[in-house]
Amino acid sequence: MTMHAVTFELIKKDHKTKARRGRVHTPHGSIDTPVFMPVGTAATVKAMRPEEIKDMGAHIILSNTYHLYLRPGHELIKAAGGLHKFMNWDRAILTDSGGFQVFSLGDMRKITEEGVEFRSHIDGSKHMLTPEKAVTIQNALGSDIMMAFDECAPYPADHNYVKNSLERTSRWLKRCKSAHNNTESQSLFGIMQGGMYRDLRCQSAQEIVNLDLPGYAIGGLSVGEPKELMYEVLDYATDYLPENKPRYLMGVGSPDCLFEGVERGIDMFDCVLPTRIARNGTAMTSRGKIAIKNAIHEKDFDTLDPECDCYTCQNYSKAYLRHLYKSNEILSSMLLTNHNLHFLIKLMEKIRYAIETDHFSAFKKEFMEKYYGNLEEVKCL
RNA sequence: GUGGAUAUAGUCAAGUGGUUAAGACACAGGGUUGUGGCUCCUGCAUGCGUGGGUUCAAAUCCCAUUAUCCACC
């Protein structure tokens, strides 16, 4: 039995669904699950100070291997005393491996058995990322949870391509595990691939679970496929993962997807959605999304969400927020980001409470009706 | 009063005889799911100060007129 820096405690299971209430323990504190993790790609959750994210109840945030490797460089962050110290965040950090960037940065890259050769999006310089390198970088960063270096297959992709890709990802995972030697302070999570194919999801799961890692992620979803298809994959994907380890659905963060994921046994989520749409003028509220730039809010002196107790909703009107957005003021991003993150983090708190008190399904129904107007339309999204 | 210049969308403007009048900003709507994002997409003048005329064809040429600006009396 390997000793892991990160451990999972399963506290309660929902009776009607696969939803679970748990707790992830890390060297930088514990995280109640299901949890939504704000994304701070470049060692900062855009427009937020660490204190703000803490105050709204976040206990873990994400950062990114690829981006920090290119700028400012992992050696510099190591010299600064590690990522926690560098960015003034003393709670848990999960770092993505750069596998997703290989997928999203598209063109200028070449995937081989050894790893991925790519060009920097910053200056065009040539680099090679391998499983070993991704681990080395994440070791230097000192994140609590390191993600395996994987290939996120695109959608659509044929069975043969996805099979080859997942098998290579499994081989890469073994290399990641071998390269990772400070298991007492950092934990490595594996990533399941397999696209939209059930047999491949099963195969991928078996291969990664064999390595007895402290946690497993489901990757390769939310890459452009219809939501219904993602739910279909999730229906069985979580069953292939061990019950006593945290399950992390990568890149998912719209409220409906969070509910659907939790319902299918997901414990951890991350997504740029709340922070990105905040910067682009959209707020998530208990009554659905609000595009603050719309003319209808010009003289609306009410707050974004009457049910919200975030800093923004305590102090500012929609008319003011609209003005800030239209004027391109920095405070617009700050206030809307604060609100959206607060909204999702509180939503997850409510979901955890609902699981604890055995009314998850009822809470889901209540929330969805209010957020999306009526449930019939949600299926069409 | 005389001479000159300019009048094209809410604003700044391209176009100087030939198919549905660039572009930018503003305005209006939409998108965004392991962040290459204070971003991307879409819409927005049947109309070129006004009235005539020339021409197969005029924002473009001609005449008149109005407004604004600049010089000089």
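**Exercise 1. Which elements are included in what covers the buried residues of α9?**

Solution. The structure is a predicted model.
Step 1: list the residues to be covered. In helix α9 (residues 227-237), the buried positions are L229, M230, Y231, V233, L234, Y236 and A237.
Step 2: list the elements in contact with them. The cover includes two helices, α8 (198-209) and α10 (255-263), together with the strands β11 (187-192), β12 (216-218) and β13 (247-249).

**Exercise 2. Establish whether I60 is buried or exposed, and describe its surroundings.**

Solution.
Step 1: place the residue. I60 belongs to strand β5, which spans residues 60-64.
Step 2: apply the cut-off. A residue counts as buried under 20% relative accessible area. I60 has a relative accessible area of 1%, so I60 is buried.
Step 3: identify the contacts. Leaving aside residues up to four places away in sequence, I60 touches I31, V35, M37, P38, W89, A92, I93, L94 and I145.
Step 4: compare sequence with space. P72 is 12 residues from I60 in sequence, and their C-alpha atoms are 22 Å apart.

**Exercise 3. Determine how β5 is covered and how it pairs with β6.**

Solution.
Step 1: count the buried residues. In β5, 5 of 5 residues are buried.
Step 2: split them by face. I60, L62 and N64 lie on one side, I61 and S63 on the other, and both faces are covered.
Step 3: find the pairing. β5 and strand β6 (residues 92-96) run parallel, with 5 bridges between them. Within this pair, S63 stands opposite T95 of β6.

**Exercise 4. Work out the strand order of the sheet that contains β1, and name its edges.**

Solution.
Step 1: write the order. The sheet is open, has 3 strands in the order β1-β2-β3, and its pairing is antiparallel.
Step 2: find the edges. β1 (7-13) and β3 (29-33) each have a single partner strand, so one side of each is left without a neighbour in the sheet.
Step 3: give the twist. On average, neighbouring strands are turned by 15° against each other, direction ignored.
Step 4: examine one pair. β1 and β2 (residues 20-26) are joined in the antiparallel sense by 6 bridges, and K12 stands opposite R21 in β2.
Step 5: add the helix. α14 (residues 330-356) packs on this sheet and touches β1, β2 and β3. The direction of α14 makes about 120° with that of β2.

**Exercise 5. Describe the packing of α14 against α15.**

Solution.
Step 1: choose the quantities. Two packed helices are described by the angle between their axes and the distance between those axes.
Step 2: read them off. The axes of α14 and α15 (residues 360-372) come within 8 Å and cross at roughly 150°.
Step 3: list the contact residues. α14 contributes F343, L347, K350, I351, A354 and I355, and α15 contributes F360, F363, F367 and Y371.
Step 4: classify them. The contact has 9 nonpolar residues, 1 charged residue and no polar ones.

**Exercise 6. Characterise the protein surface near RNA strand B.**

Solution.
Step 1: count. RNA strand B is surrounded by 43 residues, the closest being C152, S222, M250, G251 and V272.
Step 2: classify. These divide into 15 nonpolar, 17 polar and 11 charged.
Step 3: turn to the RNA side. Of its atoms within 4 Å of the protein, 50% belong to sugar or phosphate and the rest to bases.
Step 4: inspect side-chain contacts. A polar side-chain atom of S222 lies 2.2 Å from a sugar or linking oxygen. For K227, such an atom is 3.2 Å from a base oxygen. In N64, a side-chain N or O atom is 3.4 Å from a phosphate oxygen.
Step 5: assign elements. β5, α5 (99-104), α11 (273-279) and α13 (318-326) each give two or more residues. The largest share, 5 residues, comes from α11.

Conventions: Residues are numbered from 1 along each chain as its sequence is written. Chains are lettered from A and ligands numbered from 1 in the order in which they are written. This is a predicted model: local features need pLDDT of at least 70, side-chain atom pairs count only at pLDDT 80 or more; totals for chains, interfaces and linings use all residues. Side-chain values use heavy atoms; hydrogens and water are left out. Buried means under 20% relative accessible area, exposed over 50%, partly exposed in between (1.4 Å probe, protein chains only). Helices (H or I, at least four residues) and strands (E, at least two) are DSSP runs, numbered from the N terminus. Contact means heavy atoms within 4.5 Å. Two strands pair if DSSP finds at least two bridges between them. Axes are lines fitted to C-alpha atoms, for helices over the stretch in contact, and angles run from 0 to 180 degrees between N-to-C directions. Ala, Val, Leu, Ile, Met, Phe, Trp, Tyr, Cys and Pro count as nonpolar, Asp, Glu, Lys and Arg as charged, and the others, Gly among them, as polar. A residue is near a molecule or strand if one of its heavy atoms lies within 4 Å of it. A polar contact is a pair of N or O atoms within 3.5 Å; within protein, one must be able to donate a hydrogen and the other to accept it, and residues adjacent in sequence count only if both atoms are side-chain atoms.
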